[in-house]
Amino acid sequence: MIKEYRSSVLSVIKTAVLGIFFLGLVYYGTSIFLENPLWVYGLTAGAGLFYIYFALISSLVYVRLEGEELLIREGRKKMHFRLSEWSITAKTSSGGEAELEFFNGEKRLYADCSLLGQSQFYSLMEDLGIVGDKQKPIELETRRRD
């Protein structure tokens with residue numbers, strides 16, 4: 001069964017609104033220190049293009065889960081995992097941050113899934129077996145010292 005997750009529209013809109021606030025601060029700050037309006041508009045436009053690329057386009061997330069194969073694409077960065085070879089943990093915060101951590105004994109990789117949105121990220125965690133009915137029990141081994 002193939003499951004696909006894409007960046008949530010609401011998360012992208014929230015990031016865009018923060019960007020508009022950021023551009024307002026850049027415009028206000030440059031208009032105080034610079035008298036030439038061409039410089040003010042140019043620096044604000046440059047900051048806007050910088051923000052659009054780095055905060056929106058390069059951080060869009062696409063996740064594809066197909067059986068034991070997981071593909072995560074963050075902007076131009078692609079990560080491919082075989083689930084049986086990696087240990088997966090998830091980190092979330094109340095501010096909407098969501099991150100997957102992959103560890104295979106020697107390498108540790110991180111995937112920022114914040115733009116998926118909380119509901120899609122939780123569904124992804126269920127499908128990966130991190131939470132929910134598919135979660136594997138933790139086995140502890142105890143030994144007695146003689």
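Which residue in strand 3 is the bridge partner of Val61? Select Val61 and look across to strand 3: the partner is Glu74. Keep in mind throughout that this is a predicted model.

**Stop 1: the four-stranded sheet**

Widen the selection to the whole sheet. It is open, has 4 strands in the order 1-2-3-4, and pairs antiparallel. Strand 1 and strand 4 (77–82) stand at the edges. Each has a single partner strand, so one side of each has no neighbour in the sheet. From one strand to the next, the twist averages 10 degrees.

Now walk through the strand pairs in order.

Start with strand 1 (residues 2–6) and strand 2 (residues 61–66). They run antiparallel and are joined by 5 bridges. Select Tyr5: Val63 in strand 2 stands opposite. Move to Arg6, whose bridge partner in strand 2 is Tyr62.

Stay on Tyr62 and turn to strand 3. There, Tyr62 has Arg73 as its bridge partner. Tyr62 is thus a useful residue to keep labelled: Arg6 is its partner in one pairing, and Arg73 in the other. Strand 2 and strand 3 (residues 69–74) run antiparallel, with 6 bridges between them.

Go to the turn that connects them. The hairpin of strand 2 and strand 3 has 2 residues between the strands. Select Gly67 in this hairpin: its phi is positive, near 65 degrees.

Next, colour strand 3 by face. Leu70, Ile72 and Glu74 make up the covered face. Glu69, Leu71 and Arg73 make up the uncovered one. Two residues from earlier in the tour return here. Glu74, the partner of Val61, belongs to the covered face. Arg73, the partner of Tyr62, belongs to the uncovered face.

Finish the sheet with strand 3 and strand 4. Again the strands run antiparallel, and 6 bridges join them. Select Leu71 and find His80 opposite, in strand 4. Then show the hairpin of these two strands, which has 2 residues between them. Gly75 takes a positive phi here, near 60 degrees.

**Stop 2: the three-stranded sheet**

How many strands form the sheet with the order 5-6-7? There are 3, in an open sheet with antiparallel pairing. Strand 5 (87–92) and strand 7 (108–112) are the edge strands. Each has a single partner strand, so one side of each is left without a neighbour in the sheet. Neighbouring strands are turned by 20 degrees against each other on average, with direction ignored.

Zoom in on strand 5 and strand 6 (residues 98–103). They pair in the antiparallel sense over 6 bridges. Select Lys91: its bridge partner in strand 6 is Glu99.

Then show the side chains of Phe103 and Arg108. Arg108 lies over the face of Phe103, at 4.2 Å from the ring centre.

**Stop 3: the aromatic pairs**

Show every aromatic ring. The structure holds 6 aromatic pairs. Why does the pair of Tyr27 and Tyr41 count as stacked? The ring centres are 6.2 Å apart and the planes stand at 5 degrees, so the pair is stacked. This pair links distant parts of the chain, 14 residues apart: Tyr27 is in helix 1 (residues 9–33) and Tyr41 in helix 2 (residues 37–57). Tyr27 is partly exposed, with a relative accessible area of 38%.

Move on to Tyr53 and Phe54. Their pair is edge-to-face, 4.9 Å centre to centre, with 85 degrees between the planes. Both rings belong to residues that are partly exposed: the relative accessible area is 32% for Tyr53 and 47% for Phe54. Add Phe50 to the selection. Ring pairs link Phe50, Tyr53 and Phe54 into a cluster.

**Stop 4: the second largest pocket**

Hide the rings and show the surface. The second largest pocket holds about 430 Å³ of space. Which residues lie nearest the centre of this pocket? Select Lys14, Thr15, Gly96, Ser114 and Leu115. They are among the 21 residues of the lining.

Colour the lining by element. Helix 1 and helix 3 (118–128) are the elements that give two or more residues to the lining. Helix 1 supplies the largest share, 5 residues. This is the helix that also carries Tyr27.

Key: Residues numbered from 1 in each chain as written. Predicted model: local features only at pLDDT ≥ 70, side-chain atom pairs only at ≥ 80, totals over all residues. Heavy atoms only, no water. Phe/Tyr/Trp six-rings, centres within 6.5 Å; stacked < 30°, edge-to-face > 60°. Buried < 20%, exposed > 50% of the residue type's maximum accessible area, 1.4 Å probe, protein only. Lys NZ or Arg CZ within 6 Å of the ring centre and 35° of its normal. Pairing = 2+ DSSP bridges. Axes fitted to C-alpha atoms, helices over the stretch in contact; angles between N-to-C directions. 1 Å grid on protein atoms, 1.4 Å probe; cavity = no way out; pocket = protein on both sides within 12 Å on 5 of 7 lines; lining within 4 Å. Points joined across faces, edges and corners; volume = space filled by probe spheres on them.
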